[in-house]
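Good morning, and thank you for joining this session. I would ask you to keep the sequence and the structure in view while I speak.

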Amino acid sequence: MRQFYSFDLLALVFALGCLPLMWLTALPSNNQWYFLCCLLVIWLLIIPTKFRHYKVVIAVLLLSFLWSTAYSKQYLSNTIPYIDKTLLVQAKVTSVNTRGQFTQPASSYIKFVIINLEDHSLASTIPILVYWDQPDMPMAGQIWQLKLKTKVVHSYLNQGGFDSQRFAISNRSLLTAKVVSAHLLNDEYNIKQKVVNQALPYINLFPYRDILLALAFGDRSHLEDDNRQIMLQTGVAHLMAISGMHIAMVFMLCAFICKLSLLLVSQRFIYYGMPIIFGWLCALFYAWLTGLNPPALRAILALSIWIYLRYQNYQISSWQKINRIIAALLLFDPLMILSDSFWLSCYAVLSLVFLYEWLPLPKYMQRQKRWYLVRLLHLQLGLILLLLPIQLWVFHGTSLVSLLTNLIAIPTILLLTFPIILLALLFSLINCFHVALGCWFIAEQSLEWLFYCLNQFNCGWFTIAANGYLLSLSGWLVIIVIRTECWRRFFMTLLVILVILITPFFKQQDFLWRLDILDVGHGLAVIIHNGKSAIIYDTGAKWETSSAMQRVIIPFLQWHNLEVQGIIISHQHNDHIGGLSELQQLYPKAWVMSSSFKLNNSYPCIAGNSLTWQNLTLQVLWPDKLVDYAQNENSCVIQVSDGHFKVLLTGDLERNQEYQLISRYQQKLSSTFLQMPHHGSGTSSSYAFLNYVAPDFSFASTSRYNPWKLPSYKVINRYEELHLPYHVTAKSGQMSLFIQQNNWTLKTMRAQINPRWYHDWFGSLPIYE
């Protein structure tokens, strides 16, 4: 009797069993997990033999789910006890120092593994990312005694933004720390650091050292903002991250060199598998040299499985190989499924196989050299169409010129720059100075030419709103239709599918207007919009290398396809005005309102002024006059009303100004929603003010680890004593208030919009308990 299930079916089922990790709101408790184990045992024991085929499939599915959740719980249980603690540890440096041994270090994050905690050896090491600001720079392989103040990665959680918590868990970097004191115990470098030290004197001679370091050692921490931006906007950033493409290139290049060298060896000493073994060993060494980051680790595992399947001479299809490799990867590490790079790499390989099997070129074009450009265009155009869904999901947009730039960049990097860098590394190690310098120079010149071309063709990045994501599947649909010619018999079905793909563009909103309090850390950004146009109250902070505007606010606006028509600045402290210039560059026609006459106001924020916008009335309550530089006491206080519900936006208003508002407006201060003055500081939110405003809901915008420990204990107690519900962005993430005709609805990112187990509050801070 033919077997109902196959190894490939079981591999697919195993991968599907890990998939719930993406969407679970909470991991199973211990009792729930053991209950599922009992169910599995009962299932295997009582199901009749005639249903044995279904028994095995369902058992593998449940076993996969149990394995993936147990693996995740184990990682968290090994990490959570050390969060928000001061620890004395012995730790080994795992990340290489690419800044140079004698270079005065700038503050940076360095990877360690803890091997000893409070003079007790650990059964398993604990990975930790340490913020290093000490004078001596650690080298890979060294062992340090560190006194650490630990933290946990806590994401700014907003729609359209980067999910740093999911990224941290998938990369085992959830636990972070700041150094209190450091003492070197063992100064011996490992081989990896010695290789880097040999190459650094050459690399530091060239302007494109950041790209050379990224390609040679997988270190992208030195990438300059201009280079990073142009690579993203032209769609070639994937070439600068060590991935399967680079590992495969090392394997093929080294296997080819081994084949050539075997021509000089007597035939009796030749084993046919030697090139493959040598290529695999070189690829493994290179993956290790670049830090065995998750994409490189996945690539070397996939290469190993592919070599094994080939060695065993299994005659299986490309789909079967991919299926088995994915299952093996998830068996090795179920948390890979949370990684965007895992999805990108798997999706790209599946797209390649689909393209060449479902829409192949004629055979004469596949063989003759004169059709090389056509083959390259077929590949790039096909990948652009097929990769569009994953690009929108991960990057929320696509490059308009990626077809052209990848036609230039892929051959340049893979056939010239990258192989030359590998040769340069080799000659640097054996101290062939002039040859090594020449190789590094050629690699540098190839990058200079490449970036010249990228600058010429850079037409920017095209961001696509969330309602366009479903339509991005049309590339797959087009190829299926062309191959199957199903338009001949199923024209109406295809028309219905097309209508389904475009329905998000015509979806009617279920609110009159909406208030979004973005999670921007310690700062403020409130967006009032009707689904099309928006007003923004404050623009978050600007940091040394980035800003809340870049990381949070602009992605949110683009996710919802909003046009900013007005900008209100409460005052001129960095955490409120930091992103103003960037926002004005993107929306130059937006009017400005503030309490400073230096900001070129379209509408001055002076008490008594009012403005009508999209059926909403914006009434200015404070201050009485414009000033040169607006401080907390000059915060622009706005009451937004639709005639039924009111929002009171207070900036960083202080207690004295609260009393003045009370004496002036009294009952008119009553509002449905209140932005906690000054992030919940003890200098604001007086009893009298809260009694007059009497909000149904209040919100504060703070970061988890803000140095002022806001909101303050006494203010939180005050709100609770007066029975005033409140939320804090550090705990809830983005908060969205949906205002209907006669009621309102609150949704937060961590509880309603995007509740996931990896968005939990890990560790403990009493103020939020």
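I begin with the lining of the second largest pocket, whose residues divide into 11 nonpolar, 11 polar and five charged. Please bear in mind throughout that this is a predicted model. The space in this second largest pocket comes to about 970 Å³. Which residues of its lining are the closest to its centre? Of the 27 that line the pocket, they are Lys507, Gln509, Phe511, Arg514 and His560.

I turn now to the cysteines. How many disulfides are there? The count comes to one. The partners are Cys605 and Cys636, with their sulfur atoms 1.9 Å apart, which places the pair within the 2.5 Å that a disulfide requires. The link between Cys605 and Cys636 is right-handed, with 95° about the S-S bond. As for its position, Cys605 sits in the loop between strand S13 (603-604) and strand S14 (610-613), and Cys636 in the loop between strand S15 (616-622) and strand S16 (637-641); the pair therefore ties together parts that are 31 residues apart in sequence. Cys605 and Cys636 are both buried.

Why does Cys37 not bond to Cys38? The sulfur of Cys38 is the closest cysteine sulfur to that of Cys37, yet the distance is 6.9 Å, and this is too far for a bond. Cys432 is likewise in no disulfide, the nearest cysteine sulfur being that of Cys439, 9.6 Å away. Cys432 has a relative accessibility of 29% and so counts as partly exposed, since that class lies between 20% and 50%.

Next, a helix. Helix H11 comprises 15 residues, 318-332. From the first C-alpha of H11 to the last the reach is 21 Å, close to the 21 Å expected at 1.5 Å a residue. Which residues of H11 are buried? They are Ile322, Asn323, Arg324, Ile325, Ile326, Ala327, Leu329 and Leu330. These buried residues pack against four helices by name: helix H1 (7-18), helix H3 (52-79), helix H10 (294-311) and helix H12 (340-358).

My last item is a single residue, Ser108, which belongs to strand S2 (residues 108-117). Is Ser108 buried or exposed? Its relative accessible area is 11%, so Ser108 is buried. Leaving aside residues up to four places away in sequence, Ser108 touches Arg99, Val130, Tyr131, Trp132 and Met137.

That concludes my presentation. Thank you for your attention.

Notes
Residues numbered from 1 in each chain as written. Predicted model: local features only at pLDDT ≥ 70, side-chain atom pairs only at ≥ 80, totals over all residues. Heavy atoms only, no water. Helix = DSSP H or I, 4+ residues; strand = E, 2+ residues; numbered from the N terminus. Buried < 20%, exposed > 50% of the residue type's maximum accessible area, 1.4 Å probe, protein only. Expected span 1.5 Å × (residues − 1). Contact = heavy atoms within 4.5 Å. 1 Å grid on protein atoms, 1.4 Å probe; cavity = no way out; pocket = protein on both sides within 12 Å on 5 of 7 lines; lining within 4 Å. Points joined across faces, edges and corners; volume = space filled by probe spheres on them. Nonpolar A, V, L, I, M, F, W, Y, C, P; charged D, E, K, R; others polar.
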